[in-house]
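User: I've got a model open on my screen and I'd like to learn how to read it. Please take me through it feature by feature.

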Amino acid sequence: MDMYALDADALRGKRVLDCPGGPSGLVAGAIERDINMVAVDPQYSETAETLARRGADDIKLTINKARKDPSLRMEDSEYAVFEQEKQNALAAFMQAYRVHPERFVVGSLPELPFENGAFDLVLSGHLLFVYAPRSLGGIMKSELFDLDFHIAAVRELIRVGKEVRIFPTYAFTGEVRRQPWVEPVSEIFRREGHEVSFIPSRWQQQGHVDFNDSLRIVRGV
Ligand SMILES: C[S@@+](CC[C@H](N)C(=O)[O-])C[C@H]1O[C@@H](n2cnc3c(N)ncnc32)[C@H](O)[C@@H]1O
């Protein structure tokens, strides 16, 4: 919620989509707070057992990688807290995934299995601008998710939701800057008549202070 600068009260009574949901605890938290949220992700075609195993492996991999990254300079105790938080989120996700399968829909950008305007709000974390190539501040070795994919994906998020929030907008890797595709993507949708702005995040990860915003697009047409 802090990532997107949102509060549970503001979401109650709204139809919310988390795209991509991944193995995160967001829907589980929404269920606890009586929020009408579903998540979509290509991974949801997998069984709970596969996702539990994959999630646990990913946590180990992420921690090991982070420990070797000199730019992070995190204390041992911080790694322990980070790992515990990840494990708590995975456990909450697994519980919700098993008990509420209807909240987890198989699908992938840029074509989602939802009607036009099916949601009041669409949240999108750690896919767009992050799965960009490393040369452009992303994490990918290849340009599998290129600028055209980003434009098509955002267009799809706006099709299914009245408001979209995308986090992060900073370059995830390399020098401190806004990810270079954020501005061209924003400009396209501004020109098409949508309201585009940046919302400062209340959450901070791995020392990212500058450009710590989500991109907010409100459908204007
Ligand atoms: C790092 S997770 C993000 C999870 C969560 N939103 C968060 O902020 O932590 C990225 C997710 O993107 C999903 N993904 C990969 N390709 C996708 C696509 N084309 N459309 C939608 N999701 C995709 C992956 O399966 C993965 O679960």
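Analyst: Keep in mind as we go that this is a predicted model. Let's start at the ligand: by class, its shell holds four nonpolar, six polar and one charged residues.

User: Which residues surround the ligand?

Analyst: The shell is made up of Pro20, Gly22, Ser24, Asp41, Pro42, Gln43, Ser108, Leu109, Gly125, His126 and Leu127. If the polar count looks high, remember that glycine is counted as polar here.

User: His126 caught my eye. What is the sign of its phi?

Analyst: Here's the general idea: most residues other than glycine have a negative phi. His126 is not a glycine, yet its phi is positive, at about 60°. You'll find His126 in the loop between strand 4 and helix 5.

User: And peptide bonds? Which bond is cis around Leu109?

Analyst: Again, the general idea first: most peptide bonds are trans. The bond from Leu109 to Pro110 is cis, with omega near 15°. Pro110 belongs to the loop between strand 3 and strand 4 (119-125). Another cis bond runs from Phe167 to Pro168, where omega is near -5°. Pro168 sits in the loop between strand 5 (161-167) and helix 6.

User: On to the sheet. In what order do the strands come?

Analyst: Read a sheet by walking across it, strand by strand. Here seven strands make an open sheet with mixed pairing, and the order is 3-2-1-4-5-7-6. At the edges are strand 3 (104-105) and strand 6 (195-200), each of which pairs on one side only.

User: How does strand 2 pair with strand 3, parallel or antiparallel?

Analyst: Parallel: strand 2 (residues 36-40) and strand 3 are joined over two bridges. To see one on screen, find Ala39 and look across to its bridge partner in strand 3, Phe104.

User: Now helices. At what angle do the axes of helix 3 and helix 4 cross?

Analyst: Helix 3 (residues 48-68) and helix 4 (residues 76-99) cross at roughly 165°, and their axes come within 10 Å. Angles over 145 degrees count as roughly antiparallel, so that's how helix 3 runs relative to helix 4. The crossing is right-handed.

User: Which residues make that contact?

Analyst: On helix 3, look for Ala48, Leu51, Ala52, Gly55, Ala56, Ile59, Ile63, Ala66 and Arg67; on helix 4, the partners are Tyr79, Glu83, Lys86, Gln87, Leu90, Met94, Tyr97 and Arg98. That contact between helix 3 and helix 4 splits into 11 nonpolar, two polar and four charged residues.

User: Let me try the next pair. At what angle do helix 5 and helix 6 pack?

Analyst: About 45° for helix 5 (residues 147-160) and helix 6 (residues 182-191), with the axes 10 Å apart. These two helices are therefore oblique to each other. Their crossing is right-handed.

User: And what meets what there?

Analyst: Helix 5 brings Leu147, His150, Ile151, Val154 and Ile158, which meet Pro184, Val185, Ile188 and Phe189 of helix 6. By class, the contact of helix 5 with helix 6 has eight nonpolar, one polar and no charged residues.

Key:
Residues numbered from 1 in each chain as written. Predicted model: local features only at pLDDT ≥ 70, side-chain atom pairs only at ≥ 80, totals over all residues. Axes fitted to C-alpha atoms, helices over the stretch in contact; angles between N-to-C directions. Helix = DSSP H or I, 4+ residues; strand = E, 2+ residues; numbered from the N terminus. Parallel < 35°, antiparallel > 145°, perpendicular 65-115°, else oblique. Left-handed = near helix turned anticlockwise from the far one by under 90°. Contact = placed C-beta atoms within 7 Å. Near = placed C-beta within 6 Å. Pairing = 2+ DSSP bridges.
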